[in-house]
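Reader: I'm new to reading protein models and would like a close look at one part, slowly and in plain words. Could you pick a spot and then work outward from there?

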Amino acid sequence: MAQRYDAVIIGGGHNGLVSAAYLARAGLRTLVLEQRHVLGGAAVTEELFPGFRFSVFSYVVSLLRPEIIRDLELPRHGLDILPLDGTFTPLRAGDGPKAGGGDYLWRVNDHGRTVRELRRWSRNDAEAYEEYGRLMVDMARFIKPILGIVPPDPASLDPRPLRPLAGLARAFQQLTERQRAVFVQLMTMSASDFLDQWFETDPLKATMSASGIIGTYQGVKSPGTAYVLLHHYMGEIDGAFRAWGIPKGGTGGISNAIGSAARALGAEIRMESSVARVIVKNGRTTGVALASGEEISTDTVLSSVDARRTFLGLVEPGTLDPAFEEEVKRFKFRGSSGKVNLAVDRLPDFTCLPGVGEHLRGAISFSPSIDDMEQAYDDAKYGHWSRRPYMDMIIPTLVDPSMAPPGKHVISCFVQYAPYHLAPELGTWDDNREAFGDAVIDRIAEFAPNIREIILYRNVQTPLDIERTTGLTEGNIFQGELSLEQLFFNRPVPGYARFQTPLRGLWLCGSATHPGGGIMGANGRLAAMEVLRAKGRKVA
């Protein structure tokens, strides 16, 4: 006889775990089914080489919602976020005002020090940085409530779902004329053009514009990327906007803390339990069938995997309306990111600032100029991985030494661009994996020539590898691009942005839903709240 649960969640990523915790807290008998041996989806920590542990995919945190941390008491379950101290941008010889072996741009969490550093480059930029920072915090505070709003269906005649937007409309009216103009610019402009209005220092604009392209198949000059910049600006740690951190023990530390909270609240989590399909009878969900052949009975299924995998992979063909399936097929993924994880026996030595120092403790951004960034995108537009990519590198062992043996280090390199669909003449990603890894090392070597001699092991994750391991379609880290036409009530499909699906009892709770991707948890929380409302349960 099939086991019965009040709710079954497909996928043990952080959003699925958040949903499980909230549903269990409300008294529902809840089961999470995770296909892998490790919890967390893309937010996992694994020992890829003896003694070296990596945040294999997602590697930093900023967007995790404070209300989730509070409601689930995550610090009590082991969550510990260690702050990253700023961003270091190395430059080549001849770039910047400093003579010799190359210059650098180094912004730290100490605002005064950052302003002094910018003044070395441009007095105008140092002054503009103050105003820019205040204005962006104002924009983040204005738009942040949208992270807790369930999107309305604009075609519905029911006015009740529109009520949360009334507060946002009132807040917009209270903005100054200048703030309203900037908000419109953020919704429509490219990251490069938006920053051009403020700054003249090329490495500063390039490094700041990088937040506008993370996880998108767009360049810094593509319209709409200014919003993605704002999306990342909404992150906070302990109330500090735009602060980023490394979870102690890697990003798996976040997933394990949420999983621990869910279990403590009564949820059951089963590993190595791959779901083969969602069982549907007469338009209603009645359970799930596992790859093992086991069937589990429930009237409520929440899928934390992406929309394409859910509707086109887990639901029997012919169950859904063909017009709806076409909408799902139109949802854009366009995976564009890769990851290279390195185990090293000592630290990289940057020509522009030799030796070990504070500059290695934050993010290291390989973004010397706007043209460098756009040329990396030029390769991707034609199906080629970037020969000289943009990279965001961190050395987590300088903050959390437990990730490697004593005296050794791990290095995480997030890389763009790595288009999922390669040009035919390149062959497959299996053919290109090592060459792509070599290009990443070559790029680092432009600024830190000792990189090749310090590498003990390397692990190259192409978008195809990310898809194979995590199930993220096309390796897209946000379960679908964060482009403007795929946000709010259009995410993932117009008319179905309220976490419900055309099949009664089937819900989405992953990053393919509003408010998008990142280690945020808002999707899972909002989905759980909607399920509880539908069941007539009290929503805390």
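Author: Sure, let's begin with Val 344, which lies in strand S17. Bear in mind that what you're looking at is a predicted model. Is Val 344 buried or exposed? Its relative accessibility is 0%, and since anything under 20% counts as buried, Val 344 is buried. Now see what surrounds it. Setting aside neighbours within four places in sequence, Val 344 is in contact with Phe 52, Lys 408, His 409, Ile 411, Ile 454, Ile 455 and Leu 456.

One of those partners, His 409, gives us a handy way onward, as strand S20 covers 409-416. Right at the end of that strand there's something to look at in the backbone: the peptide bond from Gln 416 to Tyr 417 is cis, with omega near 20 degrees. Tyr 417 itself sits in the loop between strand S20 and helix H14, which spans 429-445. There's another cis peptide bond further along, joining His 514 and Pro 515, and there omega is about 5 degrees. Pro 515 is also in a loop, this one between strand S22 (506-508) and helix H17 (522-534).

Back to H14, then. Trp 429 pairs with Phe 436 edge-to-face, with 5.4 Å from centre to centre and 75 degrees between the planes. Both Trp 429 and Phe 436 are buried.

H14 also meets another helix. Two packed helices are described by the angle between their axes and the distance between those axes. For H14 and H16, the axes come within 9 Å and cross at roughly 115 degrees. Which residues of H14 and H16 make the contact? From H14 it's Trp 429, Asp 430 and Arg 433, and from H16 it's Pro 463, Leu 464, Asp 465 and Arg 468. Sort the residues of that contact by type and you get 3 nonpolar, no polar and 4 charged. Asp 465 also lets us check back on our starting point: Val 344 and Asp 465 are 121 residues apart in sequence, and their C-alpha atoms are 22 Å apart in space.

Following the chain out of H16 brings us to Glu 474, in the loop between helix H16 (463-470) and S22. Glu 474 isn't a glycine, yet its phi is positive, about 60 degrees. With a relative accessibility of 8%, Glu 474 counts as buried. Compare Arg 334, another residue that has a positive phi without being a glycine, here about 45 degrees. Arg 334 is in the loop between H12 and strand S17, which is the strand that holds Val 344. At 30% relative accessibility, Arg 334 counts as partly exposed.

Let's step from that loop into helix H12, where Glu 325 is found. Its relative accessible area is 17%, so Glu 325 is buried. Leaving out residues up to four places away in sequence, Glu 325 touches Leu 312, Gly 318 and Leu 320. The C-alpha atoms of Glu 325 and Leu 312 are 7.5 Å apart, though the two residues are 13 residues apart along the chain.

Aromatic rings are worth a look too, as a search of the whole structure finds 24 aromatic pairs. One of them is Phe 311 with Phe 324: the ring centres are 4.9 Å apart and the planes are at 90 degrees, so the pair is edge-to-face. Phe 311 lies in helix H11 (residues 307-314) and Phe 324 in helix H12 (residues 322-330), so this pair ties together parts that are 13 residues apart in sequence. Phe 311 is buried, at 3% relative accessibility, and Phe 324 is buried as well, with a relative accessible area of 8%.

Elsewhere, Phe 88, Tyr 104, Trp 106, Phe 350, Phe 366 and Phe 447 form one aromatic cluster. The ring of Tyr 104 has a charge over it: the charged end of Arg 120 sits 5.3 Å from the ring centre. Similarly, Arg 180 lies over the face of Phe 172, at 5.8 Å from the centre of that ring.

Arg 180 falls within helix H6 (residues 177-188), which packs against helix H9 (residues 225-233) at an angle of about 110 degrees, with the axes 4 Å apart. H6 and H9 are therefore roughly perpendicular to each other. Gln 185, Leu 186 and Met 187 of H6 meet Ala 226, Tyr 227 and Leu 230 of H9. This contact of H6 with H9 divides into 5 nonpolar, 1 polar and no charged residues.

Terms used:
Residues numbered from 1 in each chain as written. Predicted model: local features only at pLDDT ≥ 70, side-chain atom pairs only at ≥ 80, totals over all residues. Heavy atoms only, no water. Axes fitted to C-alpha atoms, helices over the stretch in contact; angles between N-to-C directions. Helix = DSSP H or I, 4+ residues; strand = E, 2+ residues; numbered from the N terminus. Parallel < 35°, antiparallel > 145°, perpendicular 65-115°, else oblique. Contact = heavy atoms within 4.5 Å. Nonpolar A, V, L, I, M, F, W, Y, C, P; charged D, E, K, R; others polar. Phe/Tyr/Trp six-rings, centres within 6.5 Å; stacked < 30°, edge-to-face > 60°. Buried < 20%, exposed > 50% of the residue type's maximum accessible area, 1.4 Å probe, protein only. Lys NZ or Arg CZ within 6 Å of the ring centre and 35° of its normal.
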